[in-house]
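Dear colleague,

I am passing on the structure we spoke about, with the sequence alongside. Please look through it first, and then read my notes below.

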Amino acid sequence: MVGSIVSALAYIIIGPIIGGLLQGFDRKLTARLQGRQGPPLLQPFYDLYKLFSKQSVVVNNIQDFLVCGFLIFVVFTGALFFWGGDILLVFFALTLAGIFLIMSSCSAYSPYSSMGAQRELMQMMAYEPMVLLAAIGFYIAAGSFNVKEIIQADIPPIVYLPGIFVTFVYILTIKFRKSPFDLSTSHHAHQEMVRGLTTELSGNILALVELSHWYENVFLLGVVGLFVMSCHWWSIPLAVVVCLLSYFLEVIIDNVFPRVKWQLMLKSAWGVTLIAGGINLMIIMLIP
């Protein structure tokens, strides 16, 4: 119990630091790939501090409330995961957090925000089947939805779930809002709808959204690490390496592929889920 509480508190305290460093690495690597020097590694923290120091232009009070709800549920999701709770409940809480963000965007009565909210709903439709499939895969591989019991298994889940692992990494491109699936909002300047979901956000409210994304990214990489975790000590450094390689791959994909339409995103995500994830699930269910 003490270890679980420490892990949850460590996520709450250290999570945004790791998330900010990952974003700084992302921007630095992206600049290098484009032949630029890029900003310093700590630039995301400077930007966040600047947002908190700015005056917010409040569209309506309900939008601020919903953004705060988004942050709270994202933090709750990650804390519950690193505490070792039920992974099915963890994924449901993450979905609820996304709904809060969509509702905050819809409450602004802005055409750009509304368009971003609609696209975000499409993205949720694309990745949610795979998220639930991953939870089922963990249960079949470890015999439990509990994260504590999953990491105590002798054999890492990836041995049983290689197809589900590949598919989960695939939908991470959607969750990380990387090209070619950065439809609802993007940190790049190629969006035709300004900033989509966050168009009407400013100041400290926009800073809360950025902070939430840092927490969310660390949690998602934690799920990636869960695939290779086991009761052996070497699984911890292995999980860290797999997480870093996965994030590095997402940055490369972001800089190589052009943005696609939502129809292709939906078809490709469901196709990969059904083929790689579905076949993997059928095989492990048939093997005694």
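**Core and helix packing**

Leaving out residues up to four places away in sequence, Phe219 touches Tyr11, Thr77, Gly78, Phe81, Phe82, Val90, Phe91 and Leu94. Please keep in mind while reading that this is a predicted model.

Phe219 also belongs to the largest nonpolar core, which has 76 residues, and is one of those with the most contacts inside it, together with Phe81, Ile87, Phe138, Phe168, Val223 and Phe227. Helix α8 supplies the largest share of this core, namely 15 residues.

Helix α8 (residues 203-226) also packs on helix α9 (residues 235-256), their axes coming within 8 Å and crossing at roughly 125°. Because angles over 115 and up to 145 degrees fall outside the parallel, antiparallel and perpendicular classes, α8 and α9 are oblique to each other, and α8 passes α9 in a right-handed crossing. On the α8 side the contact is made by Leu221, Val224 and Gly225, and on the α9 side by Ala239, Val242, Cys243, Ser246 and Tyr247; by class, these are 6 nonpolar and 2 polar residues, with no charged ones.

Helix α9 is also met by helix α7 (residues 162-175), and here the axes come within 10 Å and cross at roughly 50°, which makes α7 oblique to α9. This crossing, too, is right-handed. Phe165, Val169, Leu172 and Thr173 of α7 meet Val242, Ser246, Leu249, Glu250 and Ile253 of α9, and the residues of this contact divide into 6 nonpolar, 2 polar and 1 charged. Val242 and Ser246 of α9 therefore appear in the contact with α8 as well as in the one with α7. Turning to another pair, helix α5 (residues 111-142) and helix α10 (residues 262-286) pack at an angle of about 10°, with their axes 9 Å apart, and so the two are roughly parallel to each other. Among the residues that make this contact are Met122, Met125, Pro129 and Leu133 of α5, and Trp262, Met265, Trp270 and Leu281 of α10. The contact of α5 with α10 has 16 nonpolar and 5 polar residues, and no charged ones.

Is Ser113, which is found in helix α5, buried or exposed? Its relative accessible area is 1%, and Ser113 is therefore buried. Leaving aside neighbours within four places in sequence, Ser113 is in contact with Ser105, Ala108, Gly196, Leu197, Thr199 and Glu200.

With best wishes

Definitions and conventions. Residues are numbered from 1 along each chain as its sequence is written. This is a predicted model: local features need pLDDT of at least 70, side-chain atom pairs count only at pLDDT 80 or more; totals for chains, interfaces and linings use all residues. Side-chain values use heavy atoms; hydrogens and water are left out. Axes are lines fitted to C-alpha atoms, for helices over the stretch in contact, and angles run from 0 to 180 degrees between N-to-C directions. Helices (H or I, at least four residues) and strands (E, at least two) are DSSP runs, numbered from the N terminus. Angles under 35 degrees count as roughly parallel, over 145 as roughly antiparallel, 65 to 115 as roughly perpendicular and the rest as oblique. Contact means heavy atoms within 4.5 Å. Ala, Val, Leu, Ile, Met, Phe, Trp, Tyr, Cys and Pro count as nonpolar, Asp, Glu, Lys and Arg as charged, and the others, Gly among them, as polar. A crossing is left-handed if the near helix is turned anticlockwise from the far one by less than a right angle, and right-handed if clockwise. A nonpolar core is a set of buried Ala, Val, Leu, Ile, Met, Phe, Trp, Tyr and Cys residues joined through side-chain atoms within 4.5 Å. Buried means under 20% relative accessible area, exposed over 50%, partly exposed in between (1.4 Å probe, protein chains only).
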